[in-house]
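Student: I am new to this structure and should like to understand the terms used to describe it. May we go through them one at a time?

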Amino acid sequence: MSILHHGFGVASALASSRGEEADGDPDEPPHRMSTKLDKLAVSGMFDIMKPDEHPTVENSFEEKSIWIQLAAMLLVFGGYLIVAGTMLVRDAGAIGPFIPLLIAATVLMIVVNVAGHAVAAVMTSPEDCDERDRLISWRSEARSAWMLGAGVIIAIGCLALSMTPAWIANILLLSMFLSQVICYALQLVSYRRGF
Amino acid sequence: MGRDKTRIRNRIRSLRRLADGMTQQQLADRIGVTRQTVNAIEGEKYSPSLEVAFRIAHTFGQPLQDVFEYETPRSVAETADARSGKSDSTEP
């Protein structure tokens with residue numbers, strides 16, 4: 001409270017020293033003019049202090065959501081791909097052993113995403129996507145889709161080389177993973193740098 | 001051969017100040033976008049859709065062309081020439 005009073009006083013004194021006058025009737029009682037002057041000066045002070053005037057803005061819920069999805073994707077599916085890669089190198093046989101691993105990774109992915117979004121919702125009130133969010137999402141998806149296409153082509157090549165279904169399935173999963181990671185990365189770059 | 005870079009300039013920040021110091025959040029709520037989007041528009045990092053541009057102009061009670069200005073390198077050069085007086089000297 002004392003800080004506020006001090007702020008008002010300083011603002012008023014600064015305004016008075018500059019010879020600023022409140023707009024309005026000059027015949028107004030002095031105490032009313034002083035109040036107006038205080039309001040003007042204080043509003044000027046708040047203009048300087050307003051948080052939205054700072055060049056950096058707090059991340060939106062959408063941006064936080066992308067960070068969470070990227071982290072979950074890298075941790076969970078990254079981990080799955082490392083384990084699956086090791087299994088493929090040891091024994092590139094049937095696809096059966098990979099199914100429980102993939103189900104576990106999917107469930108863990110959902111759990112990590114739900115937990116992450118719950119924490120983000122506590123920190124930032126969730127907002128609906130607006131046109132900029134949608135545009136960023138569309139552009140990033142369009143620019144990262146080539147990776148999935150490349151994965152499909154490579155998988156077809158593997159099929160032609162008579163490689164096992166486990167290899168083909170995991171190559172497809174790898175391309176999906178990389179495509180999604182590129183998509184999230186592009187979205188984050190767009191949020192930070194604009195376009 | 002290269003495509004001219006274009007930029008949509010705006011004076012939203014000064015209009016907000018004139019509108020009783022309206023905050024970015026207040027403007028965002030009125031036009032139905034996030035505060036981050038208002039910040040990006042103000043910083044000329046993002047060109048809004050025509051609909052959002054009209055909503056912003058309507059919020060401030062201004063015509064669209066008083067809030068946004070379409071600027072090309074040519075128009076920048078012409079403005080600079082006009083300011084330095086070159087345009088007068090080239091006129092017959």
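Tutor: Let us begin with burial. In this predicted model, 33% of the 195 residues in chain A are buried.

Student: What makes a residue of chain A count as buried?

Tutor: A residue is called buried because its relative accessible area is under 20%. Buried residues make up 33% of chain A by that cut-off.

Student: Which elements does chain A contain?

Tutor: Chain A has six helices and zero strands, so its elements read α-α-α-α-α-α from the N terminus on.

Student: Why are helix 3 of chain A and helix 4 of chain A called roughly antiparallel?

Tutor: The axes of helix 3 (residues 61-90) of chain A and helix 4 (residues 98-123) of chain A cross at roughly 160 degrees and come within 9 Å. Angles over 145 degrees count as roughly antiparallel, and therefore this pair of helices in chain A is described in that way. Their crossing is right-handed. By class, the contact between helix 3 of chain A and helix 4 of chain A has 20 nonpolar, six polar and one charged residues.

Student: How do you know which parts of chain A the predictor is confident in?

Tutor: The pLDDT gives that confidence on a scale from 0 to 100. The mean for chain A is 77, and 70% of its residues reach 70 or more. Among the elements of chain A, helix 5 (residues 131-160) has the highest mean, 95, and helix 1 (residues 2-17) the lowest, 37. Over residues 1-55 of chain A, pLDDT stays under 50. Where pLDDT is low, the predicted coordinates should not be read in detail.

Conventions:
Residues numbered from 1 in each chain as written. Chains lettered and ligands numbered in written order. Predicted model: local features only at pLDDT ≥ 70, side-chain atom pairs only at ≥ 80, totals over all residues. Heavy atoms only, no water. Axes fitted to C-alpha atoms, helices over the stretch in contact; angles between N-to-C directions. Helix = DSSP H or I, 4+ residues; strand = E, 2+ residues; numbered from the N terminus. Parallel < 35°, antiparallel > 145°, perpendicular 65-115°, else oblique. Left-handed = near helix turned anticlockwise from the far one by under 90°. Nonpolar A, V, L, I, M, F, W, Y, C, P; charged D, E, K, R; others polar. Contact = heavy atoms within 4.5 Å. Buried < 20%, exposed > 50% of the residue type's maximum accessible area, 1.4 Å probe, protein only.
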